[in-house]
Number of protein chains: 2
Amino acid sequence: MYSQLKLDNQICFRLYTASRLITQAYRPLLEPLGLTYPQYLVLMVLWENDHQLVSDISKRLVLESNTITPLLQRMESEGLVVRTKGTADKRQTLVSLTRKGIALQDQAKDIPDCMTAAFSDCTPSQEEAMVLVHTLDSIIKYLKNND
Amino acid sequence: MYSQLKLDNQICFRLYTASRLITQAYRPLLEPLGLTYPQYLVLMVLWENDHQLVSDISKRLVLESNTITPLLQRMESEGLVVRTKGTADKRQTLVSLTRKGIALQDQAKDIPDCMTAAFSDCTPSQEEAMVLVHTLDSIIKYLKNND
DNA sequence: TATCTTTGCATCGTGAACGATTTAATTTGA
DNA sequence: TCAAATTAAATCGTTCACGATGCAAAGATA
């Protein structure tokens, strides 16, 4: 038995599990809005800046077009966004919020605080949270640049 | 614009992204063994203790039967495990390694060190890593008990 | 200008995730 | 003892992820 192959020694398994469980925790908050977590991420990107290219959203969420495109197509059929072909560069696709997509921002504004409140019983200290953010950012930065 | 809805303020997005990117980093190491990351997790559980129930694996990986069962079915058709109906309790399914599944452990033994080496350029300090593990464990423990 | 390469996005196939439901076996308790 | 409740897995449908590939538009180069 190789001790390095023990599950308890794997940081990645912890990340994988924590990520899934937190996404599940979002569900009851997102379901009333008819959103999945990745769709909520797309909306957050567009709420910050409307009218972005698929490539902009792709870079921001670190997801390729083969994930983003079907996601956007579903969101379009839900009436949350519209996709229009670029005028200058006809290869590009511009994604814009619909009235409905814009309106959802108001309904979503309390979600982050709800999540924070839901975590109040296990909240890492301010210092732990900062270390967590810093560590994750350095992992992401490193792995993103690896392509 | 609600600042709490900014992507950069979201810890969950970081977890989600880091988890995906690390899983991708495993791919070149797992592909030669014909494994996906979740399949590798199942094998790690069985390498620690062979002959476990679906419910045991389910608890250990924090995944429900609706995820685990198809995963095990694929692994069975790959000849990595066998699934046998429980004798005492016929509702249960016992999962056991095949000779091939056992043999893979030897081929996989260097993967953790390979991953560590691949991360040498962005390795968080020993202290950061410990805080990361501790924080993730407390999040997981809290969310797991929420059902 | 012709063609060669690159880019931006879409499509396809496979394997997870997961809520909801189903099925069969076991346990409970009146 | 026998119907009702519970449990262990499996099944189903939808939505991601993602490698591989396709395709058309734009850019580079001869």
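Select B:Arg91 and DNA strand D: a polar side-chain atom of B:Arg91 lies 2.7 Å from a base oxygen of this strand. This pair is a polar contact, a pair of N or O atoms within 3.5 Å; within protein, one must be able to donate a hydrogen and the other to accept it, and residues adjacent in sequence count only if both atoms are side-chain atoms. The model is predicted, so local features need pLDDT of at least 70 and side-chain atom pairs count only at pLDDT 80 or more, while totals for chains, interfaces and linings use all residues. Residues are numbered from 1 along each chain as its sequence is written, chains are lettered from A and ligands numbered from 1 in the order in which they are written, and side-chain values use heavy atoms, with hydrogens and water left out.

**Stop 1: DNA strand D**

Stay with strand D and show the protein residues around it. Which residues are the closest to DNA strand D? They are A:Asn66, A:Arg74, B:Tyr16, B:Arg20 and B:Thr69, out of 26 residues that surround the strand. A residue is near a strand if one of its heavy atoms lies within 4 Å of it. Of the strand D atoms that come within 4 Å of the protein, 68% are sugar and phosphate atoms.

Now select two more residues:
- A:Arg74 has a polar side-chain atom 2.7 Å from a sugar or linking oxygen of DNA strand D.
- B:Ser55 places a backbone N or O atom 3.0 Å from a phosphate oxygen of DNA strand D.

Colour the surface near strand D by class to find 6 nonpolar, 12 polar and 8 charged residues. Here Ala, Val, Leu, Ile, Met, Phe, Trp, Tyr, Cys and Pro count as nonpolar, Asp, Glu, Lys and Arg as charged, and the others, Gly among them, as polar.

**Stop 2: DNA strand C**

Move to DNA strand C, which 27 residues surround; the closest are A:Tyr16, A:Arg20, A:Thr69, B:Asn66 and B:Arg74. Sugar or phosphate holds 65% of the strand C atoms within 4 Å of the protein, and bases hold the rest.

Select these residues in turn:
- A:Arg91 has a polar side-chain atom 2.6 Å from a base oxygen of DNA strand C.
- A:Ser55 has a backbone N or O atom 2.8 Å from a phosphate oxygen of DNA strand C.
- B:Gln39 has a polar side-chain atom 2.7 Å from a phosphate oxygen of DNA strand C.

**Stop 3: where the chains meet**

Hide the DNA and show chains A and B. Each chain gives 58 residues to the contact, where contact means heavy atoms within 4.5 Å. The size of an interface is often given as the accessible area lost when the parts come together. Chains B and A bury about 6100 Å² between them, 72% of it on carbon and sulfur atoms; buried area is the accessible area (1.4 Å probe) that two parts lose on being put together, summed over both.

How many salt bridges link chain B and chain A? The count is 2, a salt bridge being a side-chain nitrogen of Lys or Arg within 4 Å of a carboxyl oxygen of Asp or Glu. Select A:Asp137 and B:Arg14, which form a salt bridge with their closest N and O atoms 2.7 Å apart.

**Stop 4: the two copies**

Finally, superpose chain B on chain A: the RMSD is 0.0 Å, after a turn of 180 degrees and a shift of 0.0 Å along the axis. The two copies are therefore related as by a two-fold rotation axis. The superposition is by least squares on the C-alpha atoms of residues with pLDDT of at least 70 in both.
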